Amino acid sequence: MSNAKPVKLSEAEIASAVSKLPGWKVEDGKLHREYAFIDFVAAFAFMSGAALVAQAMDHHPEWFNVWNKVRIDLATHDAGGITALDVKLAYSMEELAERQLGK
Ligand code: H2B
């Protein structure tokens, strides 16, 4: 069913991960990014895709949406910090966002 308990990444591992994820930073001990899409439909399309990925991973974002903006915080509550699951979800979100941002 669920995988082994996720392990918190070290400061160095987090720094290395963030350096490969443009737009992402660590804020309040969570991986943080804000996207600005063209409109609400694009923002919600991104969120719909991300929701399916999150559910498949059994790993869920903290996020906040107003019209075209989506503010995201990723942390692993079971581990009390940032784990490889958060990095993986951030990469998936980047892929999904690119589709909406047309990059
Ligand atoms: N999402 C996040 N971000 N952190 C978790 O620790 C977590 C989760 N745990 N989604 C999962 C669900 C856990 O509660 C279930 C029981 O697997």
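A nitrogen atom of the ligand sits 2.8 Å from a polar backbone atom of His60, which makes a good starting point for a tour of this predicted model. From there we can look at the rest of the ligand's surroundings, then at Thr76, and finally at the nonpolar core.

**Around the ligand**
- Two further ligand distances involve oxygen atoms: one is 3.1 Å from a polar backbone atom of His77, and one is 2.8 Å from a polar backbone atom of Asp78.
- The ligand taken alone exposes 400 Å², and the protein buries 67% of that.
- Asp58, His59, His60, Ala75, Thr76, His77 and Asp78 are the residues around the ligand.
- Sorted by class, this shell holds four polar residues, two charged ones and one nonpolar one.

**A look at Thr76**
- Thr76 belongs to the loop between S4 and H3.
- With a relative accessible area of 4%, Thr76 counts as buried, because that value is under 20%.
- The side chains of Thr76 and Asp86 are joined by a polar contact of 2.6 Å.
- Beyond its neighbours within four places in sequence, Thr76 is in contact with Pro6, His59, Gly81, Thr83, Leu85 and Asp86.

**The largest nonpolar core**
- This core has 24 residues, and Trp24, Phe46 and Met93 touch the most other members.
- Two or more of the core's residues come from each of these elements: helices H1 (11-19), H2 (40-57) and H3 (84-101), and strands S2 (30-36) and S4 (69-74).
- Setting aside neighbours within four places in sequence, Trp24 has contacts that include Val18, Leu31, Tyr35, Ile72, Leu74, Ala90 and Met93.
- Arg33 and Glu94 are also among the contacts of Trp24.

Note on methods
Residues are numbered from 1 along each chain as its sequence is written. This is a predicted model: local features need pLDDT of at least 70, side-chain atom pairs count only at pLDDT 80 or more; totals for chains, interfaces and linings use all residues. Side-chain values use heavy atoms; hydrogens and water are left out. A residue is near a molecule or strand if one of its heavy atoms lies within 4 Å of it. A polar contact is a pair of N or O atoms within 3.5 Å; within protein, one must be able to donate a hydrogen and the other to accept it, and residues adjacent in sequence count only if both atoms are side-chain atoms. Accessible areas come from the Shrake-Rupley method with a 1.4 Å probe; for residues, only the protein chains shown count as cover. Ala, Val, Leu, Ile, Met, Phe, Trp, Tyr, Cys and Pro count as nonpolar, Asp, Glu, Lys and Arg as charged, and the others, Gly among them, as polar. A nonpolar core is a set of buried Ala, Val, Leu, Ile, Met, Phe, Trp, Tyr and Cys residues joined through side-chain atoms within 4.5 Å. Buried means under 20% relative accessible area, exposed over 50%, partly exposed in between (1.4 Å probe, protein chains only). Helices (H or I, at least four residues) and strands (E, at least two) are DSSP runs, numbered from the N terminus. Contact means heavy atoms within 4.5 Å.
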